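Visitor: I would like to take a close look at a single part of this protein, the place where two helices pack against each other. Could you guide me through that part slowly, and then show me how it sits in the rest of the chain?

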Amino acid sequence: RRDVVTLNTALSALDCGEQWSHALRLLAGARAYAGVPADRISHNTAMGACGKAGQWQAALAVLTELPAKSFSPDVIDYSVITDSCERVRALAAGVRLASWVATGRTRPLAPPAPPAYVHQTRQKFH
């Protein structure tokens, strides 16, 4: 059965297995391939997988896509990103994120470009 619970379980397994790039591919292709819309938990899990692998830029790219998917970033999203920055000692990014949150912005000042494989995956499923 294809549903969001199954999607989130698969993303969680990829997170635990430190397979961040596969988690991003699954997140990007879930709706197009399986007809399953990702929810907030799906995005948080994918961000967490990126963060655990030290891929804070990829995690931030997922965060920047939330408003386009009708999700406003919340404290959990910011916590995942902050943890990602701390893991790789990306202090400048962490400070920038803190100022972003402190000013109440819901969108980043300068979103990073998503990694190339995210674009490739999207094109593959469209």
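Guide: In this predicted model, the crossing of helix H4 with helix H5 is left-handed. The contact draws on Trp56, Ala59, Leu60 and Leu63 from H4, and these meet Asp77, Tyr78, Ile81, Ser84 and Cys85 from H5. If you sort the residues of this contact by character, seven are nonpolar, one is polar and one is charged.

Turning to the geometry of the pair, H4 covers residues 56–65 and H5 covers residues 75–87, and the two pack at an angle of about 165° with their axes 9 Å apart. Angles over 145 degrees count as roughly antiparallel, and H4 and H5 are therefore roughly antiparallel to each other.

The loop that lies between H4 and H5 deserves a look as well, since Ser70 is found there. Most residues other than glycine have a negative phi. Ser70, however, is a residue other than glycine with a positive phi, near 70°. Its relative accessibility is 69%, and because exposed means over 50%, Ser70 counts as exposed.

A second residue invites the same kind of reading, although it belongs to another loop: Glu18 is found between helix H1 (4–16) and helix H2 (20–34). Glu18 is not a glycine either, and yet it has a positive phi of about 55°. With a relative accessibility of 58%, Glu18 too counts as exposed.

The cysteines offer another point for careful reading, for the structure holds zero disulfides. Cys85 of H5 takes part in the contact with H4 that we have just followed. Elsewhere, Cys16 has a relative accessible area of 60% and is exposed, whereas Cys50, at 0% relative accessibility, counts as buried.

Stepping back to the whole, you will find seven helices and zero strands in the protein chain, so that H4 and H5 belong to a chain whose pattern, read along the sequence, is α-α-α-α-α-α-α. The protein chain has 126 residues, of which 41% count as buried. Finally, among the contacts in the chain with a separation of 6 or more, 66% come from residues 24 or more positions apart.

Terms used:
Residues are numbered from 1 along each chain as its sequence is written. This is a predicted model: local features need pLDDT of at least 70, side-chain atom pairs count only at pLDDT 80 or more; totals for chains, interfaces and linings use all residues. Side-chain values use heavy atoms; hydrogens and water are left out. Axes are lines fitted to C-alpha atoms, for helices over the stretch in contact, and angles run from 0 to 180 degrees between N-to-C directions. Helices (H or I, at least four residues) and strands (E, at least two) are DSSP runs, numbered from the N terminus. Angles under 35 degrees count as roughly parallel, over 145 as roughly antiparallel, 65 to 115 as roughly perpendicular and the rest as oblique. A crossing is left-handed if the near helix is turned anticlockwise from the far one by less than a right angle, and right-handed if clockwise. Contact means heavy atoms within 4.5 Å. Ala, Val, Leu, Ile, Met, Phe, Trp, Tyr, Cys and Pro count as nonpolar, Asp, Glu, Lys and Arg as charged, and the others, Gly among them, as polar. A disulfide is a pair of cysteine sulfur atoms within 2.5 Å. Buried means under 20% relative accessible area, exposed over 50%, partly exposed in between (1.4 Å probe, protein chains only).
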